[in-house]
Amino acid sequence: MDSNTVLPTTSEHIVDITYDNAKQYLIDESAVRPVLVDFWADWCAPCKSLMPILEKLAVEYDGAFLLAKVNADALQDLAAQFGVQSLPTIMVMHNGQPVDGLQGAQPETAVRELLAKYLPAPWEAVVQEGLQKVEQGEGAEGVALLRGAYQDSGQDAQVAFALASGLILTRRLNDAAELLGTIKMVDQDAQYAQLMAQLELAQNAAKAPEITELEA
């Protein structure tokens, strides 16, 4: 076997399309969740660079979308039906219709940007879980989840705000101040201002005479 041959895929989040299952996975499944269709061919070198990126994201998103791989050589009629003119081509299917796509070799960032239009970020659920734990009094666990989401998101400003909120609620005021000090000017919106106000209140409360006396 040629070492460059693409092998069939077996995963609950990644499927190889055939004429028999095309309707099930491209049309019916896209009513349940977005389907990212990858049109590829064995002779196409850029296809083989793109496919591992798509497979990695399918695993990372853990079922938020289905990756459907279409061998355009074996399924020429299907590729023609979708108007595929060059390889690789990826398309987003939603409610039975192609709604977006990209052609040619793509970096991971471009594919992530495409998916972001139709999917919640994979760390969003972790942020919600972390905030819930903080509110329920499980501060250490909640902050740990929020820190993980902050790193996984590439230090996204909105995730930073959630982490800062968790740090303020758990009285880790120095950590919160340090984190908010890293927020870029362009991201300093109303939520940022609200968090800064909460932090200042908490810092002032910590310096109140009664608390200072109690600490002494």
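A pocket, as the word is used here, is an open set of grid points with protein on both sides within 12 Å along at least five of seven lines. In this predicted model, the largest pocket holds about 160 Å³ of space. Two elements each give two or more residues to its lining, namely α1 (22-28) and α3 (76-81). Helix α1 supplies the largest share, with four residues. The full lining runs through Ala22, Lys23, Leu26 and Ile27, then Leu78, Gln81 and Phe82, and finishes with Met93, Gly96 and Pro98. Sorted by class, that gives seven nonpolar residues, two polar ones and one charged.

Enclosed space is a separate matter. The count comes to one cavity of 30 Å³ or more, and the largest cavity has a volume of about 40 Å³. Its walls are built from Pro34, Leu36, Phe65, Val92, Leu114, Leu115, Tyr118 and Leu119. The lining of this cavity is made up of eight nonpolar residues, with no polar and no charged ones.

Two spots in the backbone deserve a look. Leu87 and Pro88 are joined by a cis peptide bond, with omega at about -5°. Pro88 sits in the loop between α3 and β4 (89-94). On the other side of that strand, in the loop between β4 and β5 (97-103), comes Asn95. Asn95 is not a glycine, yet its phi is positive, at about 50°.

Then there are the helix pairs. Helix α5 (residues 124-135) packs on helix α6 (residues 139-152) at an angle of about 160°, and their axes are 7 Å apart. At that angle α5 is roughly antiparallel to α6, since the cut-off for this label is anything over 145 degrees. The crossing of the two is left-handed. From α5, the residues involved are Val126, Val127, Glu129, Gly130, Leu131, Lys133 and Val134, and they meet Gly139, Glu141, Gly142, Val143, Leu145, Leu146 and Ala149 of α6. By class, this contact has eight nonpolar, three polar and three charged residues.

Further along the chain, helix α9 (residues 190-206) pairs with helix α8 (residues 173-180); their axes come within 11 Å and cross at roughly 150°. These two helices are therefore roughly antiparallel to each other as well, and α8 passes α9 in a left-handed crossing. On the α8 side the contact uses Leu173, Ala176, Ala177 and Leu180, while α9 brings in Tyr192, Leu195, Met196, Leu199, Ala202, Gln203 and Ala206. The tally here is 10 nonpolar residues and one polar, with no charged ones.

Helix α9 also packs with helix α7 (residues 157-169), this time at an angle of about 15° and with the axes 10 Å apart. That angle makes α7 roughly parallel to α9, as it falls under the 35 degrees set for the label. Once again the crossing is left-handed. Gln158, Phe161, Ala164, Ser165 and Ile168 of α7 touch Gln191, Tyr192, Leu195, Gln198, Leu199 and Ala202 of α9. This contact contains seven nonpolar and four polar residues, and no charged ones. Tyr192, Leu195, Leu199 and Ala202 of α9 thus turn up in the contact with α8 and in the contact with α7.

Note on methods. Residues are numbered from 1 along each chain as its sequence is written. This is a predicted model: local features need pLDDT of at least 70, side-chain atom pairs count only at pLDDT 80 or more; totals for chains, interfaces and linings use all residues. Side-chain values use heavy atoms; hydrogens and water are left out. On a 1 Å grid over the protein atoms alone, a cavity is a set of points where a 1.4 Å probe fits but cannot get out, and a pocket is an open set with protein on both sides within 12 Å along at least five of seven lines; lining residues have an atom within 4 Å of a point. Grid points are joined across faces, edges and corners, and a volume is the space filled by probe spheres set on the points. Ala, Val, Leu, Ile, Met, Phe, Trp, Tyr, Cys and Pro count as nonpolar, Asp, Glu, Lys and Arg as charged, and the others, Gly among them, as polar. Axes are lines fitted to C-alpha atoms, for helices over the stretch in contact, and angles run from 0 to 180 degrees between N-to-C directions. Angles under 35 degrees count as roughly parallel, over 145 as roughly antiparallel, 65 to 115 as roughly perpendicular and the rest as oblique. A crossing is left-handed if the near helix is turned anticlockwise from the far one by less than a right angle, and right-handed if clockwise. Contact means heavy atoms within 4.5 Å.
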